[in-house]
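Q: Please take a close look at a single helix in this predicted model, and describe how its residues are placed and what empty space lies around them.

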Amino acid sequence: MPNNIVFSELALELQATAREIARKHVLPGAVKHDKEQKYNFEAARAVAAAGLFKTFIPKEYGGHGAGVLALALVTEELARADSGFGVAFAVNALGSFPIILGGTEEQKKKWLPQIARGDKFVAFCLSEKYAGSDAGGLSVTAEEDGDHYVICGEKKWTTNGGVADIYSVFCVTDPTSKSRRISAIVVEKGTPGFTIGKVEDKMGIRTVPVVETHFDRCRVPKTNLIGGKPGMGFKHAMMTLDYARPGVAAQAVGAAQGSLDLALVYANRRQQFGAPISSFQMVQKMLADMAMKTEASRWLVYACAAAIDAGMADTISKRAAMAKCFATDTAMEVATDAVQIFGGYGFMEDYPIAKCFRDAKILQIYEGTNQVQRMVIARNLVKEAEGLAYLRPYLPTEVQKTYKGTEIRGHAAAGASSGG
Ligand code: CAA
């Protein structure tokens, strides 16, 4: 199937550019950046110069308006070279989505063009020490003080922290409210009272900083309240995650493909028993399974991203959770098998395959653990099942009785009773 049946010309151009940058600027330094825990500024500058930060920014604000599908293609290419750089790129979209989806016109005009140009990097501050999966249980507060908010508390695991210039910070603005407790506020680097705390020493994705962010009576103007109306923060966070999870899933597809690429070239060249190990059936089975699952993940991501771009709002939470969960579980599995194929060499830090394995683990954890994704999927399925009432006649009579309302009659499979 020719690619341009599914993807726009622009998306394919952006993908080709990302692939070139990945090979030239990301892959060669990936191991070094991982070992030294250094951000790859050179690659980020190349990404900015090529206009790739414009991918996810709407046209009206200086972007390409290329959508989530194009964002997935670009992220996949960058992550294929270095999963850590993949997230270093994609987290800019995560941090921007609250503004894109919920911001006022003034806020969009102020921040989005700078992000599109790559002049400013972005971070997303939701998680806290005691609020990870339970994103509603935040304790960082923002109290009104005249025309300012005063933010107090600490955020945990802020990806891109320190490198980023713009932070979307989720704070409690109304502790008494159940459903309107939280608001999202933009805090810019250099704002007095805002500092970077502990820089985490991580198992993987070591090129991108993950830090604590501290707010010590940090005063920000009320004009930085995303959407201009307090209490919308939890909704904005959830909507953002629906849009951003395909990005993590795309990162996972790139990471899986990167591991598979290495395993393939190794298996074709590594000789044992007088033949390349890729000629042995057990290795072939592993390679075939790795390739199938990577490809299945890829299309789940594309389908989800295309649904978002098409505005199919009621399906995207489930699709995003499915894509994120399936693709990231696949990335871990493929990286594990790739290490297995490398045998003893795979266990050594001398070769990048060990890094692929370390990098894969976080994919199953961040932007919602895969346990949370399964919960989101199941909640949606349970809701959707109510739309399958036409199957009622196929249920045991005792269960049929639990349906209230419209009688469904005359179906052969209703068996003993049409219930009541
Ligand atoms: N879109 C819009 N609104 C939504 C929504 C969605 N997808 N999901 C829920 N909501 C709304 C609900 O309608 C409800 O609104 P009302 O109060 O008006 O009825 C409200 O939000 C509360 O919904 P729930 O009762 O479903 O909320 P919950 O407390 O049960 O939590 C959850 C749901 C899915 C577990 C959520 O807390 C969650 O996603 N947790 C995971 C957090 C997460 O992903 N963190 C990642 C941090 S970012 C990161 O990791 C980035 C990085 O480093 C790179």
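A: **Helix 11 and the space it lines**

In helix 11 of this predicted model, the residues N370, V372, Q373, V376, I377 and N380 are buried. Seen down the axis of helix 11, these buried residues fall within an arc of 160°, so they line one face of the helix. That arrangement can be read against the general geometry: an α-helix has 3.6 residues a turn, so residues three or four places apart point the same way. The face of helix 11 that is turned away from the buried side carries Q371, R379 and V382, which are exposed, that is, over 50% in relative accessible area.

As for its dimensions, helix 11 covers residues 370-385, a run of 16 residues, and from the first C-alpha to the last it reaches 22 Å, close to the 22 Å expected at 1.5 Å a residue. The cover over the buried residues of helix 11 comes from several parts of the chain, including helix 7 (233-269), helix 9 (316-342) and helix 10 (352-363).

Helix 11 also takes part in the lining of the largest pocket, to which it gives six residues, the largest share. This pocket holds about 1,100 Å³ of space and is lined by 41 residues, of which G132, Y366, E367, G368 and T369 lie nearest its centre. Besides helix 11, the elements that each supply at least two residues of this lining include helix 5 (83-102), strand 3 (148-159), helix 7 and helix 10. Helix 7 and helix 10 therefore appear in two roles, since they are among what covers the buried residues of helix 11 and also among the elements lining the pocket, where a lining residue is defined as one with an atom within 4 Å of a point.

The enclosed space is a separate matter. A search of the whole structure finds one cavity of 30 Å³ or more, and about 40 Å³ of space lies in this largest cavity. Its lining is made of L71, A90, V91, A93, L94, F97, A244, G247 and E367, and the elements that give two or more residues to it are helix 5 and helix 7. Helix 5 provides the largest share of the cavity lining, with five residues. E367 belongs to the lining of the cavity and is also one of the residues that lie nearest the centre of the largest pocket, while helix 5 and helix 7 supply residues to the lining of the pocket as well as to that of the cavity.

Technical notes:
Residues are numbered from 1 along each chain as its sequence is written. This is a predicted model: local features need pLDDT of at least 70, side-chain atom pairs count only at pLDDT 80 or more; totals for chains, interfaces and linings use all residues. Side-chain values use heavy atoms; hydrogens and water are left out. Helices (H or I, at least four residues) and strands (E, at least two) are DSSP runs, numbered from the N terminus. The expected span of a helix is 1.5 Å times one less than its number of residues. Buried means under 20% relative accessible area, exposed over 50%, partly exposed in between (1.4 Å probe, protein chains only). The arc is that of the directions from the helix axis to the C-beta atoms. Contact means heavy atoms within 4.5 Å. On a 1 Å grid over the protein atoms alone, a cavity is a set of points where a 1.4 Å probe fits but cannot get out, and a pocket is an open set with protein on both sides within 12 Å along at least five of seven lines; lining residues have an atom within 4 Å of a point. Grid points are joined across faces, edges and corners, and a volume is the space filled by probe spheres set on the points.
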